[in-house]
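Trainee: I am new to this structure and would like to go through it step by step. Where should we begin?

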Amino acid sequence: MTDVLNTAERRDLEFVSLTLDRVDPFDRPRASLIQDPGEILDAWIDLHSRVTYAAFYQAPQWCAAWVAACAAAGRPEDVRIIAVYDFGRLVLIWPLAVRRLGPFSVLHALAEPATQYCDLLVEHSSKAADWIGIAWALVLAQPGVDLVHLRNVREGSELQRYGAHWLDGHRVATGVAPYLNLCADADGSRRQRSGRSVNALRRHLKQLSKRGPVVFETVPPSGQVAALKLALALKHDWSKARGVRSAGYEHPANEATLLNLASSGNFVMRQIRVGGKVAAIEIGATEKGHYYSMIQSYDASFSAHGPGRILLWRLFDDGDPEITTFDFLPPAQPHKTEWAAEAVPVHTYGVATSLKGHLVLGYFQHLKPRLKALYLKAPRFLQQIARDPRRALLDAANGVRGKLQFRFKSVQLTLDQTGGDGAARVAGLPHGSAIEPQG
């Protein structure tokens with residue numbers, strides 16, 4: 001399988017193997033493949049509590065909830081969790097999975113496309129780079145995998161820092177993730193709003209108050225499920241109205257995964273009510289002071305006054321002692337960058353392990369971005385056909401049926417009002433032609 005790897009990569013893998021062979025089998029680190037998260041759940045939870053950095057998308061709660069939701073939706077994940085043990089203790093977890101695109105098999109982060117960052121959990125140690133090297137050897141040894149595709153690897157993350165030796169030379173794309181450092185605005189990470197911008201926000205807040213009392217509130221754990229359902233419904237309406245697609249939101253396991261976590265109160269939720277009605281909701285998760293902004297939704301009936309922007313404005317002004325970094329997540333978009341002046345690079349890596357892998361890598365690297373650009377430029381009806389051809393045809397048929405029914409009702413109304421001559425004119429017959437009554 002490694003015949004398409006370059007000479008240096010093959011030499012590195014051989015070095016890892018020879019090094020391990022010289023170590024006492026009882027003491028040497030070893031990597032194992034885990035396909036059921038339940039097998040190592042307790043050890044996984046323990047490792048997650050020991051790491052010194054935030055890694056929400058590699059947490060056992062997120063990964064286990066996703067695997068369960070996929071199984072319930074009839075789309076079971078082909079789980080490939082890489083676990084490394086040292087002296088019998090779990091020291092590294094790399095949650096991955098395989099998906100199939102026609103004849104191609106792609107290894108990627110577990111819970112794609114909902115997972116926003118690809119990373120791993122590794123115990124702080126001088127041996128971390130060696131453990132990642134052992135894990136990488138097992139990744140490349142996975143049978144039947146054509147491409148290792150690691151999306152949104154944060155620069156400075158454990159995977160990027162300790163795995164640079166293995167990933168360098170395989171970068172295929174780079175983006176950014178905007179963020180705010182809430183500890184100190186003096187570092188410039190928070191974009192300073194102009195007086196004009198602040199005055200505009202105040203005007204909008206005043207306009208909202210004319211529609212009823214404006215209340216900013218934190219959703220308690222007992223209300224998170226209901227708030228999440230509302231946020232997803234509002235997001236769905238917004239996406240449908242604009243013809244926007246999101247692979248993460250549309251995945252059949254996404255909503256069930258989020259509801260699973262919300263049922264345990266694992267999110268941080270804030271909302272703004274106007275006249276008792278929820279106008280906007282901000283939903284995220286906090287880990288070790290790092291806040292992941294996962295869902296921002298608003299009620300379209302309040303859209304003229306930007307309730308979502310007002311909610312963020314209030315949130316940043318109030319602050320939260322438990323949040324040091326507000327992560328807007330990739331990609332960088334105007335509604336994120338208007339608040340954040342700083343961003344961290346995120347890289348995508350692609351390692352082809354077969355000739356088919358090079359083909360599918362070409363699709364990800366060149367063809368898919370062009371298809372997306374064409375989709376965004378296409379008229380709305382063509383976007384609908386691309387999203388759901390069957391639904392588009394049904395809507396078209398219903399539209400034609402509606403027009404025919406309207407035409408028929410118009411003919412009936414003319415018959416009732418003008419008699420036979422009027423009916424003849426409607427039917428396109430010469431004036432005075434007789435139309436025999438039916439029945």
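Mentor: Begin with a term: helices (at least four residues) and strands (at least two) are DSSP runs, numbered from the N terminus. The model is a predicted one.

Trainee: Where is K288, and is it buried or partly exposed?
Mentor: K288 sits in the loop between β10 (277-287) and β11 (290-298). Its phi is near 50°, a positive value in a residue other than glycine. Buried would require under 20% relative accessible area and exposed over 50%. K288 has 43%, so it is partly exposed.

Trainee: Is A111 buried or exposed?
Mentor: A111 is found in the loop between β4 and β5. Although not a glycine, A111 has a positive phi of about 80°. With a relative accessibility of 0%, A111 counts as buried.

Trainee: Which residue does a cis peptide bond join to E112?
Mentor: The omega of this bond is about 5°. The partner of E112 is found in the loop between β4 (104-109) and β5 (121-122). That residue is P113.

Trainee: How many residues of α4 are buried?
Mentor: Helix α4 covers residues 128-140, and its end C-alpha atoms are 18 Å apart, which agrees with the span expected because each residue adds 1.5 Å. The buried residues of α4 include W131, I134 and L138. Of its 13 residues, the number buried is 10.

Trainee: At what angle do the axes of α2 and α3 cross?
Mentor: L41, W44, I45 and H48 in α2 meet P60, Q61 and C63 in α3. These residues divide into five nonpolar, two polar and no charged. The two axes come within 10 Å and cross at roughly 145°.

Note on methods
Residues are numbered from 1 along each chain as its sequence is written. This is a predicted model: local features need pLDDT of at least 70, side-chain atom pairs count only at pLDDT 80 or more; totals for chains, interfaces and linings use all residues. Side-chain values use heavy atoms; hydrogens and water are left out. Axes are lines fitted to C-alpha atoms, for helices over the stretch in contact, and angles run from 0 to 180 degrees between N-to-C directions. Contact means heavy atoms within 4.5 Å. Ala, Val, Leu, Ile, Met, Phe, Trp, Tyr, Cys and Pro count as nonpolar, Asp, Glu, Lys and Arg as charged, and the others, Gly among them, as polar. The expected span of a helix is 1.5 Å times one less than its number of residues. Buried means under 20% relative accessible area, exposed over 50%, partly exposed in between (1.4 Å probe, protein chains only).
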